[in-house]
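Dear colleague,

Please find the structure we discussed placed directly below. My notes on its charged side chains, polar contacts and backbone follow.

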Amino acid sequence: MEMTFILKWNPAISSVDLNDWDFWVRKQAFLTPNWSVFEHEKVCVGDRWVMLRVGNGNTGIVGYGTFCSNPYQAGDWSGKGRVTYYADLKMGVLVSHSEPLVTTQQLEELLPEIEWKGGHSGMCMETEDADLLWNTIIESQQQRRIVTYEDVCIEPGLDMEIEGWENLKSLFPELSYQDLFTSRVFHDMVTLRTEHVYGESVFTFTVLLHKKFVLPVICTGLQRIHTNIYGDMRYQDDCQIWFDGYHFHVTINEVEVICEELRFGKSSHYGGDAIAVTI
């Protein structure tokens, strides 16, 4: 059974300030940040988290989601040298720090036995309390008609920033403009090969889309290359492309590249047999 944990965020002392949170809200479809968890020994991948803003200002629940990693030890975010455990966060919904989904006052009326104004981040909730809180949050979200972005693969608007966008668009003339940014394009995708030209600072993904289209995704001005392939991971159907204001972030099938420029190369038809790939 999945557990639910209360993560606590005080922007006055946190390493994540109000500006950082604004950035997270804008880019939430593409981020998997970590957060400290006090009862880390109880956390498992897939458990639920809710983010509680504490301290001054408009406090209350400002986000929720699930953990996408097991806890791990890393440096203390406060700089005090404490032993600290973190888990990575898959975003469900984040809202403005000034407009909580459920206010502190509402929380105190709903579950008065829980400390809602302070305490450790990453406290495990009792099941009945957790279900009551979760249902209250979801109801609030639905009433406010907050849009989720689980199906977004490319950040909307990047067609103006990615050279060769027409090479992707030409493969799917039947799709709407909005659909070109979603998993409808990438739901059947395999990486045929990757190439890193070190001296020229170029990294190219050559991907197979829908078992018939070959599209080069060319990253130049490299800042980072990172791979994160786990055992039993399906090596397909995974793409995220977004811009942080300075660099493009491209993640395709567990390989992440951060670069200065991005373009889609000339597409072609695949002539071989398409075989789903699993690692």
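**Charges on the surface and in the interior**

Glu163 is exposed, since its relative accessible area is 56%. This residue sits in the loop that runs between helix H3 (127-144) and helix H4 (165-169). Together with Glu166, Glu260 and Glu261, Glu163 makes up a patch of negative charge on the surface. Please bear in mind throughout that the model is predicted.

Lys8 presents another situation. Its place is in strand S1 (residues 4-9), and Lys8 is buried yet takes part in no salt bridge. The nearest side chain of opposite charge belongs to Glu115, 5.9 Å away; because a salt bridge requires a nitrogen and a carboxyl oxygen within 4 Å, I list no such pairing here. What does a polar atom of the Lys8 side chain approach instead? The backbone oxygen of Gly118 lies 2.2 Å from that atom.

A side chain to backbone contact also involves Asn167, a residue of helix H4. Asn167 counts as buried because its relative accessibility is 18%, and the cut-off for that class is under 20%. The side chain of Asn167 reaches the backbone oxygen of Phe264 at a distance of 2.9 Å.

**Salt bridges**

How many salt bridges does the structure hold? There are 8, and three of them are described here.

Glu2 pairs with Arg48 in a salt bridge whose closest N and O atoms are 3.5 Å apart. This pair links distant parts of the chain, with Glu2 in the segment before S1 and Arg48 in strand S3 (residues 48-53), a separation of 46 residues. Is each partner buried or exposed? Glu2 counts as partly exposed, because its relative accessibility is 45%, whereas Arg48 counts as buried at 9%.

Arg48 also meets the side chain of Asp131 in a salt bridge, at 3.2 Å from N to O. Again, distant parts of the chain are linked: Asp131 belongs to helix H3 and Arg48 to strand S3, 83 residues apart. Asp131 has a relative accessibility of 36% and therefore counts as partly exposed.

The third salt bridge joins Glu256 to Arg224, with 3.6 Å between the closest N and O atoms. Glu256 is in strand S14 (residues 255-264) and Arg224 in strand S11 (residues 213-227), so that this pair, 32 residues apart, also links distant parts of the chain. Arg224 counts as partly exposed, at 39% relative accessibility. Which residues are joined into one network by salt bridges that share partners? They are Glu2, Arg48 and Asp131.

**Backbone angles**

Two residues deserve a note for their phi angles. Phi of Arg145 is near 55°, a positive value in a residue other than glycine. Arg145 is placed in the loop between H3 and H4, the loop that also holds Glu163. Arg145 is exposed, because its relative accessible area is 74%.

His210 likewise is not a glycine and has a positive phi, near 55°. This residue lies in the loop between strand S10 (202-209) and S11. With a relative accessible area of 21%, His210 is partly exposed.

With kind regards

Technical notes: Residues are numbered from 1 along each chain as its sequence is written. This is a predicted model: local features need pLDDT of at least 70, side-chain atom pairs count only at pLDDT 80 or more; totals for chains, interfaces and linings use all residues. Side-chain values use heavy atoms; hydrogens and water are left out. Patches are made of residues with over 30% relative accessible area and no salt bridge: like charges are joined within 9 Å, nonpolar side chains (Val, Leu, Ile, Met, Phe, Trp, Tyr) within 5 Å. Accessible areas come from the Shrake-Rupley method with a 1.4 Å probe; for residues, only the protein chains shown count as cover. Lys and Arg count as positive and Asp and Glu as negative; His and the chain ends are not counted. The place of a charge is taken as NZ of Lys, CZ of Arg, CG of Asp or CD of Glu. Helices (H or I, at least four residues) and strands (E, at least two) are DSSP runs, numbered from the N terminus. Buried means under 20% relative accessible area, exposed over 50%, partly exposed in between (1.4 Å probe, protein chains only). A polar contact is a pair of N or O atoms within 3.5 Å; within protein, one must be able to donate a hydrogen and the other to accept it, and residues adjacent in sequence count only if both atoms are side-chain atoms.
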